[in-house]
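Please find below my notes on this model, set out as numbered points. They take up the enclosed space, one residue beside it, a sheet with its packed helix, and a covered helix.

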Amino acid sequence: MAWGSLSGWTARLPDVSSYLAALDQGTTSTRLILFDEAARTVAVARREHAQILPRAGWVEHDPIEIWERAVEVIDEALAESGLAASDVAAIGITNQRETTVVWDRATGEPLYNAIVWQDTRTAALVRELAGEPGVDRLRERVGLPLSTYFSGPKIAWILEHVPGARERAVAGELAFGTIDSWIAWNLTGGVDGGAHITDVTNASRTLLMDLRTLDWHDESLELIGVPQAMLPEIRSSSEVYGEARVSALRGRPVAGIVGDQQAALLGQACIAAGEAKSTYGTGSFLLVNTGSEPIGSTTLLTSVAARIGSEPASYVLEGSIAVTGAAVQWLRDQIGLIDSAAAIEELALTVPDNGGVYFVPAFSGLFAPHWRPDARGAIVGLTAYARAGHLARATLEATAWQTRDVLDAMREDAGIELEELRVDGGMTANELLMQVQADVLGVPVVRPRVIETTALGAAFAAGLACGVLADAESLRERWHADRRWEPAIDADLREAEHARWTAAVARSLDWA
């Protein structure tokens, strides 16, 4: 099912031009990208923020710093573009998902640093919550296993470890939000009437939202210990929530909120069931649109793809891969095999194949579809013949094979056969990797002309809400392919190589 026409609810704003602003708040930086009506980039501003690592397994951000960076990039991008605020039709927000902020409603001060999605401090709590029923005890309703990955246990940790926090949360004095909520609240006024909201995509990554009702799930709140009074209102991904009351975009509508991976799906115009994208960064995220009904899985995550206005929500199956680009960084920073991430392609091209070498980069376990925290990195198949080029090629192939494993699980759970895979993220500049990806999947791989698909998805959501974009088909009109890679190896060879990869994965298990 594709998302339908929005003519029944769209709030049209004829007095403004058709530029769209996307505030992209990521794990390492915040960006503001201005797009014109044809989805061309007009201006970009980017600022990094500190990674706070108090101890092993703990990852934090300063929410105040994140908000300050957001204002800075808004002001910088608008100044760079030469546009006035009135030239911008609307603002869309996209964000690192699961990262958790709790703040004082009266002062706007965070009670604690933001606990980042990568943080694993809640492992003992998750085991306790799982109990005898196991980590899947909430999965039927929320689509997710109990995990340190998601927001619910992070909220519980803050309420437990900050003195007086739980009592204040019950009394309604505290607000919880993922980063989208924190940005939206501050942008729309903060302590002076800021909107305490989130959208369905981000709410579906908390462990606390019922996928069918699109409302907070009482059983999950009770199990994890999260007071209803601290939760934001769940809204659609594309509607006018209010107007910006600070920054150079003061007065402009805030009209789109989409979690980063779902935003990339929207930016890739994957708006019908069976369409899929994979984003390649430090890790990788493969999402397939499954239409208007959530599809359960024991190995993948079920989340909301988006809800556009009052239309029914669409859903996704998602496979999260922990280490892809990070394996290249490891070769560069820890091993010294390459001087830059880009150099891996040249090194890998010095050999015709992997020489029998397979690299499973399970540095902190394997994510989807294996979910094996006991796995550790393994390089297998070494002989005296192996040299640096083989290891470089095996590293790239590891990204492709992990993606294949996720896609196989999606095929099994959803019965979906892809016609193509749309790709984005920094690693798509590696053309050898993209060809290998097409080869191991057996389907074409397509890179778009606009590679900032996460920000573009947020801009699309805002554009749909304010009438700059009329309907879902207008997204397709603005998506253009840059490069397409067709499978180029024999199917028998593909399956033989996959069998060897599977054997390598088996050897990475039971180490921790």
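1. Helices, as named in this note, are DSSP runs of H or I with at least four residues, numbered from the N terminus. On that basis Gln402 is found in helix H12, and the reader should keep in mind throughout that this is a predicted model.

2. On enclosed space, the count comes to three cavities of 30 Å³ or more, and the largest cavity holds about 80 Å³ of space. Its lining is made up of 14 residues, and those that lie nearest the centre of the largest cavity are Ile321, Leu366, Phe367, His370 and Gln402.

3. What is the character of the lining of the largest cavity, in terms of nonpolar, polar and charged residues? Ten of the lining residues are nonpolar, three are polar and one is charged. As for the elements involved, helix H12 (388–414) and helix H16 (491–507) each contribute at least two residues to this lining.

4. Gln402 deserves a separate word, as one of the residues nearest the centre of the largest cavity. Is Gln402 buried or exposed? Buried means under 20% relative accessible area, and Gln402 has a relative accessibility of 7%, so this residue counts as buried. When its neighbours within four places in sequence are left aside, Gln402 is in contact with Ile321, Val323, Thr324, Pro361, Leu366 and Trp501.

5. Turning to the sheet, seven strands form an open arrangement in the order S17-S18-S16-S15-S21-S22-S23, and the pairing is mixed. Strand S17 (301–306) and strand S23 (481–485) stand at the edges; each has a single partner strand, and therefore one side of each is left without a neighbour in the sheet. From one strand to the next, the twist averages 30°.

6. Within this sheet, strand S15 (residues 276–280) pairs with strand S21 (residues 421–424) in the parallel sense, over three bridges; Lys277 has Arg422, in S21, as its bridge partner. Helix H13 (residues 431–441) packs on the sheet, where it touches S15, S21, strand S22 (445–448) and S23, and the direction of H13 makes about 55° with that of S23.

7. Helix H9 (residues 260–267) is mostly covered, with eight of its eight residues buried. The buried residues in H9 include Asp260, Gln261 and Gln262 as well as Ala263, Ala264, Leu265, Leu266 and Gly267. Just after H9, Ala269 takes a positive phi of about 55°.

Technical notes: Residues numbered from 1 in each chain as written. Predicted model: local features only at pLDDT ≥ 70, side-chain atom pairs only at ≥ 80, totals over all residues. Heavy atoms only, no water. 1 Å grid on protein atoms, 1.4 Å probe; cavity = no way out; pocket = protein on both sides within 12 Å on 5 of 7 lines; lining within 4 Å. Points joined across faces, edges and corners; volume = space filled by probe spheres on them. Nonpolar A, V, L, I, M, F, W, Y, C, P; charged D, E, K, R; others polar. Buried < 20%, exposed > 50% of the residue type's maximum accessible area, 1.4 Å probe, protein only. Contact = heavy atoms within 4.5 Å. Pairing = 2+ DSSP bridges. Axes fitted to C-alpha atoms, helices over the stretch in contact; angles between N-to-C directions.
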